[in-house]
Amino acid sequence: MVTLSFPSGRVAEEVVPRDAAALAWMANLGCLELHPHPVRAGDLDHPDELRIDLDPMPGIAWSQLRDVARVVQGVLADYGLIGWPKTSGSRGIHVNVRLQPRWSFTEVRRAVLALAREVERRAPDLATSKWWKEERHGVFLDYNQNAKDRTVAGAYSVRPKPDARVSAPVTWDELFECAPEDFTLRTMPARFAAIGDRHAGIDDNPCALDALLELSARQEAEGLGDAPWPPHYAKQAGEPPRVQPSRKRTAAPSSGSRVPKPSGRRVSTKPLVEIGRAAKKEDALAGFERWKARHARAATHLEPADVLVDAMRGRSSTWTRVRVNLEHVPKELRPKQEPLDPDYDPWASATPARVGKSRRARREV
């Protein structure tokens with residue numbers, strides 16, 4: 001066991017499995033999908049693993065995801081890092097890099113942010129480092145998976161999919177030939193028996209972050225500072241405003257111009273309309289289907305990334321909000337904001353004090 005401390009100030013005792021018996025004990029408790037932290041029990045403050053999480057937006061094909069992985073492979077090579085790819089077991093790809101444990105979580109996260117921006121620079125039509133969903137397209141490189149206490153599915157974890165897919169370690173050559181459905185609870189035992197662990201050598205090649213951190217410093221000198229952190233982390237020095245672009249206030253007027261009286265209203269930078277809110281995701285999506293039926297001509301212009309499905313934090317559970325970005329819809333076809341369908345109020349039974357506290361806490365990506 002090891003005691004971990006979290007950004008909230010909480011601490012927890014977590015299992016450190018070191019043998020097959022410990023894994024069997026965890027499986028007996030229903031722990032089939034393991035999310036290990038990127039540290040060793042002997043040093044909880046210095047990660048020994050950098051993680052690159054390629055998260056495809058809706059409508060992105062596996063072939064496009066692999067194209068971004070090729071760019072990642074090239075950036076890693078250019079900066080002296082050795083990447084070990086694996087399927088996520090869902091729709092994505094993970095690339096792990098074994099590190100010399102000399103850098104803090106903040107430094108590792110900053111290095112991955114620099115890498116994500118470099119991949120985006122090389123493949124602007126396919127890759128994005130933008131944190132806010134409404135700004136993303138293609139494949140999102142989730143740099144925040146390297147923040148302290150964030151975890152990703154470990155190698156060989158069984159994921160909650162109908163075919164019981166497994167997060168499978170692969171070689172780069174295999175990655176560019178395989179499909180995620182090739183690796184399941186049924187197929188993995190035979191594969192492992194035949195070829196062993198594709199990542200068996202990862203500990204033999206610990207890498208240094210100096211070159212990536214130098215890239216980060218150059219990016220900062222060019223005006224690319226820090227990027228948003230997850231909502232439950234304390235505000236960081238140098239972090240930009242943690243607010244969705246569509247909810248930013250209008251920019252301040254230039255020097256010498258008359259300053260208008262502030263209205264207090266937020267002005268959207270994107271033509272967003274909210275469709276509905278529901279306790280269950282399927283009910284919110286059903287409302288979106290009704291919206292598409294009412295606005296069929298507008299719906300034909302939507303791209304997959306234009307549909308924003310957000311899991312929102314309620315008092316004791318999450319609820320779902322659906323919004324639509326109309327920027328690809330011709331202006332003359334853009335529907336106006338309508339009454340929400342469905343119109344679920346997660347705060348209806350809360351006391352006024354509780355509502356205020358909860359709404360402040362439900363900031364979503």
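Strand β3 and strand β5 (residues 93-98) pair in the antiparallel sense over six bridges; two strands count as paired if DSSP finds at least two bridges between them. This is a predicted model, in which local features need pLDDT of at least 70, side-chain atom pairs count only at pLDDT 80 or more, and totals for chains, interfaces and linings use all residues. Residues are numbered from 1 along each chain as its sequence is written, and side-chain values use heavy atoms, with hydrogens and water left out.

Strands are DSSP runs of E with at least two residues, helices are runs of H or I with at least four, and both are numbered from the N terminus. The pairings of β3 are listed here.

| Partner of β3 | Sense | Bridges | One bridge pair |
|---|---|---|---|
| β5 (residues 93-98) | antiparallel | six bridges | Arg51 with Asn96 |
| β7 (residues 139-141) | antiparallel | three bridges | Leu54 with Leu141 |

Seven of the eight residues of β3 (residues 49-56) are buried, so this strand is largely enclosed by the rest of the structure. Buried means under 20% relative accessible area, exposed over 50%, and partly exposed in between, with a 1.4 Å probe and protein chains only.

Turning to the helices, the axes of α2 (residues 62-78) and α3 (residues 105-122) come within 10 Å and cross at roughly 120°. The two helices are therefore oblique to each other. Angles under 35 degrees count as roughly parallel, over 145 as roughly antiparallel, 65 to 115 as roughly perpendicular and the rest as oblique.

In α2, residues including Val68, Val71 and Leu76 take part in the contact with α3, where the residues met are Leu115, Glu118, Val119 and Arg122; contact means heavy atoms within 4.5 Å.

Key: Axes fitted to C-alpha atoms, helices over the stretch in contact; angles between N-to-C directions.
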